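Subject: Structure for your review

Dear colleague,

Please find the structure below for your consideration. My notes on what was found in it follow directly after.

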Amino acid sequence: MALLSLKSLQVSASEKEIIRGISLDVGEGEVHVIMGQNGSGKSTLLSALAGNPKYSVKGSALFEGKDLLALKPHERARRGLFLAFQSPIEVPGISLASMLRRAYAARFGDEMSAAEFDKILQAKSEAMGLARSFFSRGINDGMSGGERKMSEILQLSVLEPRLAMLDEPDSGLDVDALERVGAAIGKIRKNGMSMLIVTHYARVLRSIKADRVHVMHMGKIVASGDEKLAQKIEEKGYSWVLQ
Ligand code: ADP
Ligand code: MG
């Protein structure tokens, strides 16, 4: 049984159909990459799966064989579905540590004191080479693009989702930050976590091996293949796939 199984999924917002029938199976431990021109519906697909209420969804989406669409967003998270945003927002008043402690309690049903949880955070962030100040700061408060992405990856490593959906983890990063973020995702991935990654660049596949690469166009998957497909798109663009 696939971990995530989509059949004829349709997503619309304000009367507009954005995802127009997507079927996709992501197996246990698999990494699937989604590429596609701007506006093809990649972010909408991930948001709708995470349960963003602004979208109305038809068709079927099973997660571990259960109807995902019947679940509220927090229940999806508790079952191990995680979405890292394309542009993580700032929440200056709340520290990453306190937000993550609550998310951890919701995910694993394990309420810890701040001091206890601090030890977990400490270990995880040390493994990623992050300074302590990183999680005592407000969420993404004044953080650079690269730091925001690292913050999302720290969340991944603490919450250990079954399926991590990463929306352009490589967007807006300089070459060194790309390397760090890619390596950090690759490390987490070694635990067998399944991933659905939206990216424009084959580069990220240097640190993360993809089982399948899909191309989206106008709300549909128009091509699927292996990593060679991603390489070819990076070299030649999308026009040859769309013909
Ligand atoms: P991508 O991530 O592939 O660049 P998006 O999923 O962000 O594309 O957007 C796909 C299309 O859906 C765009 O035309 C966008 O304007 C539209 N769209 C996304 N969200 C909404 C919404 N809430 N209301 C209306 N249109 C939306
Ligand atoms: Mg997007």
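Two strands are taken to pair if DSSP finds at least two bridges between them. The model discussed here is predicted.

**Strands E6 and E9**

Strand E6 (residues 81-84) and strand E9 (residues 163-167) run parallel and are joined by four bridges. One of the pairings can be followed at residue level: Phe82 has Ala164 as its bridge partner in E9. The side of E6 to which Phe82 points is shared with Ala84, while Leu81 and Leu83 point the other way; all of these residues are buried.

**Strand E3 and its two partners**

Strand E3 (residues 31-36) has six of its six residues buried, and it is therefore largely enclosed by the rest of the structure. Both of its faces are covered, with Val31, Val33 and Met35 buried on one side and His32, Ile34 and Gly36 buried on the other. E3 pairs in the parallel sense with strand E10 (residues 194-198) over four bridges, and Val31 has Met195 as its bridge partner there. Strand E11 (residues 212-217) also runs parallel to E3, to which five bridges join it. In that pairing, Ile34 stands opposite His214 of E11.

**The antiparallel sheet**

Four strands form an open sheet in the order E2-E1-E4-E5, and the pairing is antiparallel. E2 and strand E5 (66-67) stand at the edges with a single partner strand each, so one side of each is left without a neighbour in the sheet. The partner of E5 is strand E4 (residues 56-63), which runs antiparallel to E5 and is joined to it by two bridges. Within E5, Asp67 is the bridge partner of Leu62.

**The surroundings of ligand 1**

Which residues come closest to ligand 1? Of the 14 residues that surround ligand 1, the closest are Lys16, Gly39, Lys42, Ser43 and Thr44. By class, this shell consists of eight polar, three charged and three nonpolar residues.

Several polar atoms of the protein can be placed against the ligand:

- Gly39 has a polar backbone atom 2.7 Å from an oxygen atom of ligand 1.
- Gly41 places a backbone N or O atom 3.0 Å from an oxygen atom of ligand 1.
- Ser14 has a polar side-chain atom 3.2 Å from a nitrogen atom of ligand 1.

On its own, ligand 1 has 560 Å² of accessible area, of which the protein covers 68%. The elements that give two or more residues to the shell are strand E2 (16-26) and helix H1 (42-50). H1 gives the most, with three residues. E2, which contributes to this shell, is also one of the edge strands of the antiparallel sheet described above.

**Glu234 in helix H8**

Is Glu234 buried, partly exposed or exposed? Its relative accessibility is 42%, which means that Glu234 counts as partly exposed, since the partly exposed class lies between 20% and 50%. Glu234 belongs to helix H8 (residues 227-236). Apart from neighbours within four places in sequence, Glu234 is in contact with His200, Tyr201, Ala202 and Arg203. In the case of Arg203, 31 residues separate it from Glu234 in sequence, and the C-alpha to C-alpha distance between the two is 8.8 Å.

Yours sincerely

Key. Residues are numbered from 1 along each chain as its sequence is written. Chains are lettered from A and ligands numbered from 1 in the order in which they are written. This is a predicted model: local features need pLDDT of at least 70, side-chain atom pairs count only at pLDDT 80 or more; totals for chains, interfaces and linings use all residues. Side-chain values use heavy atoms; hydrogens and water are left out. Buried means under 20% relative accessible area, exposed over 50%, partly exposed in between (1.4 Å probe, protein chains only). Contact means heavy atoms within 4.5 Å. A residue is near a molecule or strand if one of its heavy atoms lies within 4 Å of it. A polar contact is a pair of N or O atoms within 3.5 Å; within protein, one must be able to donate a hydrogen and the other to accept it, and residues adjacent in sequence count only if both atoms are side-chain atoms. Accessible areas come from the Shrake-Rupley method with a 1.4 Å probe; for residues, only the protein chains shown count as cover. Ala, Val, Leu, Ile, Met, Phe, Trp, Tyr, Cys and Pro count as nonpolar, Asp, Glu, Lys and Arg as charged, and the others, Gly among them, as polar.
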